[in-house]
Amino acid sequence: MSATSPGVTVLVVVGSLRKASVNRQLAQVAIENAPSGVQMVLFDRVGELPLYNEDLDTEPPLAQVAALREAAGGADAALAVTPEYNGSIPGALKNVIDWLSRPYGRSPMKGKPVAVIGASLGQYGGGWAHDEARKSFGIAGLQVVDDCTLSMPTKSLAGRHPAEHDEVVQQLRGITQRLAAAVVR
């Protein structure tokens with residue numbers, strides 16, 4: 001599948017719930033600079049999802065869960081953009097992974113490619129969280145695309161919006177192209 005083939009849809013989830021987060025900004029830059037033929041859809045209701053609880057995982061699903069699973073089912077791939085909290089995955093992103101891993105054996109993202117990127121305060125730019133997220137996504141049944149990485153210390157932005165850094169914009173565009181190319185029809 002070529003990255004420029006029409007019809008590739010990428011579900012974008014952000015691990016930070018803060019509206020002004022650098023990771024939300026990175027996600028927006030990726031969306032605004034998506035290559036031709038790639039539609040990126042932000043799932044902006046992560047904070048509305050209840051903590052995963054099998055007792056709540058019912059048929060029909062809760063409205064928030066149904067919205068996530070519908071968005072995931074309509075996507076060909078996923079891009080997770082996340083910071084690192086205390087050396088690991090933010091709870092909000094882990095919760096998305098848990099909801100997307102169900103129903104067991106019938107996940108709407110099963111076998112679909114996923115990339116994990118983001119920025120964080122630490123010197124490794126969130127690398128530990130990104131590694132943990134990749135592991136969790138892989139266990140949940142997604143195909144982790146290893147050559148789609150970006151772990152950026154927020155200080156490297158020098159207080160400017162990611163869109164103001166041509167190198168960051170080009171990195172995000174390249175990641176999106178490689179992720180779209182990983183989609184198998």
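**Close-up views of a predicted chain**

**View 1. The surroundings of helix α4.** In this predicted model, the elements that cover the buried residues of α4 include β3 (77-81), α3 (91-100), β4 (113-120) and β5 (143-153). The buried residues of this helix are G127, A129, H130, A133, R134, S136 and F137. An α-helix has 3.6 residues a turn, so residues three or four places apart point the same way. With that rule in mind, the reader can follow A129, A133 and S136, which are among the buried residues of α4.

**View 2. The length of helix α4 and the residue that follows.** Helix α4 runs over residues 127-139, which gives 13 residues. From the first C-alpha to the last, α4 reaches 18 Å, and this is close to the 18 Å expected at 1.5 Å a residue. After the helix comes G141, a residue whose phi is positive, near 105°.

**View 3. R178 in helix α5.** R178 has its place in helix α5, which covers residues 166-181. Is R178 buried, exposed or partly exposed? Its relative accessibility is 34%, and because partly exposed residues lie between the limits of 20% and 50%, R178 counts as partly exposed. When residues up to four places away in sequence are left out, R178 touches D147 and C148. In sequence R178 and A115 are 63 residues apart, while in space their C-alpha atoms are 9.4 Å apart.

**View 4. The fold of the whole chain.** The chain holds 5 helices and 5 strands, and a reader who follows the sequence meets them in the pattern β-α-β-α-β-α-β-α-β-α. Of the contacts with a separation of 6 or more, 79% are made by residues 24 or more positions apart.

**View 5. Dimensions and surface of the chain.** Along its principal axes, the C-alpha trace spans about 45 × 40 × 25 Å. A compact globule of 185 residues would have a radius of gyration near 16 Å, and the chain, with 15 Å, agrees with this. Buried residues make up 51% of the 185 residues. The chain exposes about 8,700 Å², and carbon and sulfur atoms supply 51% of that area. As for charge, the chain has 17 positive and 18 negative charges, and the mean positions of these two groups are 1 Å apart.

Notes: Residues numbered from 1 in each chain as written. Predicted model: local features only at pLDDT ≥ 70, side-chain atom pairs only at ≥ 80, totals over all residues. Heavy atoms only, no water. Helix = DSSP H or I, 4+ residues; strand = E, 2+ residues; numbered from the N terminus. Rg over C-alpha atoms; globule rule 2.2 N^0.38 Å. Buried < 20%, exposed > 50% of the residue type's maximum accessible area, 1.4 Å probe, protein only. Contact = heavy atoms within 4.5 Å. Areas by Shrake-Rupley, 256 points an atom, 1.4 Å probe, with all protein chains shown as cover. Lys, Arg positive; Asp, Glu negative; His and termini not counted. Charge placed at Lys NZ, Arg CZ, Asp CG, Glu CD. Expected span 1.5 Å × (residues − 1).
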